[in-house]
Amino acid sequence: MSATSPVIERGTAASRIAGIGVVAIILLLAIAPQFLSAGAVDRMTALFIYVMLAAMWNALAGFGGLVSVGQQVFFGLGAYFAIRLANAGLNPFVSLFVSAVIVGAVSWPISLFMLRLRNGEFAIGMWVIAALTHLLVNLDRLIQGETGTSLISLNVYDASTRRLTIYWLALASMTALLAILFGLLRGSTGAAIRAIRDNEDAAASVGVRVTGTKRLLFVLAAFGIGVAGALWLATSITFQPKTYFSVQWTAYMIFMVLVGGIGTFEGAILGALLFFLIETWFGGTGVWYLIGLGATALVFSLFLPRGFWGTLEERFGWRLLSVGYRVRLPVGASNPTGEIASPLQTTNSREKA
């Protein structure tokens, strides 16, 4: 390879440092409850759930190109199945994760016909599935329609034990889901996912198993959102179908990913953090809070379409949690336009499969 040949890279010194930093942050979060108030522990648990929601929707839409406005169906089912399992006598904490497994299993037959749809048809089709599921859950006598019910079996634990257990379960779930997603996207399956997103027909022509790969991503996203729904139930105890099956949950997912940076691994995490901060500071302002979220999303759509992290990555070449390869021109080499490459210049800011 000559000195002026393009360099294909994945990991960088910054990404290796970032990996160490992520491990350190997770360890600090694990011991954080010793220094936080009860209210702060609850808020941090909510943040972990937001990260899960953002990461799963970003995986489906940002990396897989499957834009859905009905992912609240899996959030609601995660809570519903947890209620059902706990009522049948299963330990309430165990029921949280068994319910997510059931959600993943239920999403498989849903994918058999939903993945036949494309673009807007898929997005609206998922919303229809969510609405129908909401109606079916209301027919369950245990749920009592929109009156709802509670995960009363959690009340056998004192408030402090319950709060800390849910916190650590949420932290462990977030870490595990992010690790699974990161590993999936860095492998050959991740390359296939991005190829399908960019051009489904072209991906199929080179041997990519389009339907199977999309189904894997669909089920993973459903499972992750199911975990988030079950954990949210554990924090609030009460279950009302109109709350858990509300489209606002998907709206929140879209907001977090849009603001953070769709199609970037770091963007979903950053978007969840930004949403968390906005909710913490302005959540008590009522309808103005929702207006502010909508206005923020509009501003980002118009002026920062790649989101906060996507814009930073494009301008400065920052790559911390890399899931793909990137072609970089060495310093001093000329690009196809005849310009001399700078240390940060790349052929494209989007990571290549």
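Helix H11 behaves much as a helix of its length should: at 1.5 Å a residue its 13 residues should span 18 Å, and its end C-alpha atoms are 18 Å apart, which agrees. The expected span here is 1.5 Å times one less than the number of residues, and helices (H or I, at least four residues) and strands (E, at least two) are DSSP runs numbered from the N terminus. The model is a predicted one, so local features need pLDDT of at least 70 and side-chain atom pairs count only at pLDDT 80 or more, while totals for chains, interfaces and linings use all residues. Residues are numbered from 1 along each chain as its sequence is written, and side-chain values use heavy atoms, with hydrogens and water left out.

Much of H11 is tucked away, with Trp 249, Thr 250, Tyr 252, Met 253, Phe 255 and Met 256 among its buried residues. Buried means under 20% relative accessible area, exposed means over 50%, and partly exposed is in between (1.4 Å probe, protein chains only). After H11 comes Gly 261, with a positive phi near 135°.

Stepping back, the protein has 14 helices and four strands, and buried residues make up 49% of its 353 residues. Its accessible surface comes to about 16,300 Å², with 68% of that belonging to carbon and sulfur atoms; such areas come from the Shrake-Rupley method with a 1.4 Å probe, and for residues only the protein chains shown count as cover. Of the contacts (heavy atoms within 4.5 Å) with a separation of 6 or more, 76% are between residues 24 or more positions apart.

What about the inside? A nonpolar core is taken as a set of buried Ala, Val, Leu, Ile, Met, Phe, Trp, Tyr and Cys residues joined through side-chain atoms within 4.5 Å. The largest such core has 91 residues, and Tyr 50, Leu 53, Phe 74 and Phe 239 touch the most other members. Helix H2 (residues 38-63) supplies the largest share of this core, 18 residues. A second, separate core has five residues, including Ala 192 and Val 208. Leaving aside neighbours within four places in sequence, Leu 53 is in contact with Phe 75, Ile 225, Ala 228, Trp 249, Met 253 and Met 256.

Trp 57 is found in H2 as well, and it is buried, with a relative accessible area of 4%. Not counting residues up to four places away, Trp 57 touches residues including Gln 71, Thr 250, Met 253 and Val 257. Its C-alpha is 9.4 Å from that of Gly 224, although the two are 167 residues apart in sequence. Gln 71 is found in the loop between H2 and H3 and is buried too, at a relative accessible area of 1%. Beyond four places in sequence, the residues that Gln 71 touches include Trp 57, Met 126, Ala 221 and Thr 250.

Next along is helix H3 (residues 72-87), whose 16 residues should span 22 Å at 1.5 Å a residue; its end C-alpha atoms are 23 Å apart, which agrees. H3 is mostly covered, with 14 of its 16 residues buried. Helix H12 (residues 265-282) has 18 residues and reaches 26 Å from first C-alpha to last, close to the 26 Å expected. The cover over its buried residues includes H2, H6, H11, H13 and H14.

Now for the charged pairs. The structure holds seven salt bridges, each a side-chain nitrogen of Lys or Arg within 4 Å of a carboxyl oxygen of Asp or Glu. One joins the side chains of Arg 84 and Asp 140 (2.7 Å, N to O). This pair links distant parts of the chain, with Arg 84 in H3 and Asp 140 in the loop between H5 and strand E2, 56 residues apart. Arg 84 counts as partly exposed at 33% relative accessibility, whereas Asp 140 is buried at 10%. Elsewhere, Arg 118, Glu 200, Asp 201 and Lys 214 are linked in a network of salt bridges. Within it, the closest N and O atoms are 2.8 Å apart for Glu 200 and Arg 118, and 3.9 Å apart for Arg 118 and Asp 201. Arg 118 lies in the loop between H4 and H5 and Asp 201 in helix H8, so this second pair ties together parts 83 residues apart in sequence.
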